[in-house]
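Here is a short briefing on one protein model. Look over the sequence and the 3D view before reading on.

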Amino acid sequence: MQDTPVQDLPVTDPKTLGLCPERLERVDGWMRRLVAEGKLAGLSVMLSRRGETAFFRAHGLADIARATPFAADTITRIYSMTKPLTSVAVMMLYEEGRFQLDDPITRFLPEFTDMRVFTSGNRVKAETVPAQRPITIRDLLTHTAGFTYGFMEATLVDALYRQNGVDFGENQDASLAEVVARLARQPLLAQPGAEWNYSVATDLLGHLVAVVSGQEFGDFLKTKVIDPLGMVDTDFYVPADKVSRLAANYSLFRDRSLKLYDDAVGSRFSAKPAIASGGGGLVSTASDYMRFCRFILGRGALDGVRLLGRKTVELMLMNHLGGDLASMGQPRFSESSYTGIGFGLGFSVMLDPARAQIVGTPGEVAWGGLASTSFWIDPAEDLAVVMLAQLIPSSALPIRRELRVLTYAALVE
């Protein structure tokens, strides 16, 4: 695939930010190769250190059929990179004294009273036992509530989600409250607090925000988080005057060819959805998401706007599991590895780079999205990186790990 020219995007001299320019150029060469070899249609990478942009490049195409370049302002589906913003919304209400993290969710969502946990059986008759304790708000934030995703296709509980319409995704026409009610009728995959299972928990948090605040979740997130942070192109859909900037989404087939998964024109993301999915519904740009990363690096403030207190953000970035993900049962899915990685309130947390077998810093937080988007924030190095691409599934290429190695290799001060 033919690459588009490197775009002239405003950056600060990397030398002044403790980065080696020559080593940083390796990131550019890596981006070019991914496009030239047809592994990605296009991508952008933005790197910020000490509050300034040290690297911002875009290569390839946002839309192959229309030969639209992947640009600095290309809008992408960020899917699960929505989750950290939803977690911030929850913690804003926490700071207002609306609840404690260990409060049972039944205080606000009584439909989750007397939950049961799946033990064996089939779709006709599932054997269950009573939950040993209520689900807490902290359980939702850490994915230890006992929920799952229907798309996992690994357990009977996953199958029950698919069978009974427990789906907060793109094709849903029910309301957020209606899908939450369906969720409450399904058995849990594990006892609350016992295992880490990536799940619809963050979508449930979106509904919790709506119930506690008295405001529709999508409106709350937009007016209380997205707009105050100046994330001008981030929303649950792309308005008509911006659709030309929405990238197409692709799948990498077994023959290593790119196939169209979701066109930019006529995409579900070009119309306002029935559900504002707190777990995976947002679109965004590299510059917008970097503003969110800088907000986290600013311990709850950005450009004079404070949404969270410093200590609250510090709490979010701590590991809230008893150990790492590998010690919390048998995680079946993650946007990170399991060993040496913990989980905070909305982010994965690096515990031990040696055990995780990847270069990094203890205390850095990260996550990614279904379409191969990712970010990480390293408070110790005052560093944040955002990568946007549109390739499903995110496991198709090891680009997240490759970018981490290239980035940290350029760090010299």
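Which residues does Phe147 touch, not counting residues up to four places away in sequence? In this predicted model, Phe147 touches Phe112, Ile135, Leu140, Tyr161, Leu183 and Leu188. Its list also holds Asn197, Tyr198, Ser199, Val200, Ala201 and Leu204. The points below cover the cores, a buried lysine, a sheet and a buried glycine.

**Nonpolar cores**

- The largest nonpolar core has 101 residues.
- Phe147 is among the residues with the most contacts inside this core, along with Phe112, Ile137 and Phe292.
- Helix α8 spans residues 286-297 and gives the most to this core, with 8 residues.
- A second core is separate and has 34 residues. Trp30, Phe55, Ala410 and Leu411 are included in this second core.

**Lys83, a buried charge**

- Lys83 lies in helix α2, which covers residues 83-95.
- Is Lys83 buried or exposed? Lys83 is buried, yet it has no salt bridge.
- The nearest side chain of opposite charge belongs to Asp203, 5.8 Å away. A salt bridge needs the charged atoms within 4 Å.
- Lys83 does have a polar partner: its side chain makes a polar contact of 3.1 Å with the side chain of Tyr198.
- Tyr198 also touches Phe147.
- Beyond its neighbours within four places in sequence, Lys83 is in contact with His143, Tyr149, Tyr198 and Ser199. Thr202, Gly278, Gly279 and Trp367 are in contact with Lys83 as well.

**The open sheet**

- An open sheet is built from 8 strands with antiparallel pairing.
- The strand order is β3-β2-β1-β16-β15-β14-β13-β12.
- Why is one side of β3 and of β12 left without a neighbour in the sheet? Strands β3 (68-69) and β12 (341-343) stand at the edges, and each has a single partner strand, so one side of each stays unpaired.
- Strand β1 (residues 42-49) and strand β16 (residues 383-389) run antiparallel and are joined by 7 bridges.
- Ser44 stands opposite Leu388 in β16.

**Gly340, a buried loop residue**

- Gly340 lies in the loop between α9 (310-316) and β12.
- Gly340 counts as buried because its relative accessibility is 0%, and the cut-off for buried is under 20%.
- Leaving aside neighbours within four places in sequence, Gly340 is in contact with Asp324, Val349, Met350 and Leu351. Asp352, Arg355 and Ala356 are also in contact with Gly340.
- Gly340 and Val385 are 45 residues apart in sequence. In space they are 20 Å apart, C-alpha to C-alpha.

Note on methods:
Residues numbered from 1 in each chain as written. Predicted model: local features only at pLDDT ≥ 70, side-chain atom pairs only at ≥ 80, totals over all residues. Heavy atoms only, no water. Core = buried A, V, L, I, M, F, W, Y, C linked by side-chain atoms within 4.5 Å. Buried < 20%, exposed > 50% of the residue type's maximum accessible area, 1.4 Å probe, protein only. Helix = DSSP H or I, 4+ residues; strand = E, 2+ residues; numbered from the N terminus. Contact = heavy atoms within 4.5 Å. Lys, Arg positive; Asp, Glu negative; His and termini not counted. Polar contact = N/O pair within 3.5 Å; in protein donor to acceptor, adjacent residues only side chain to side chain. Pairing = 2+ DSSP bridges.
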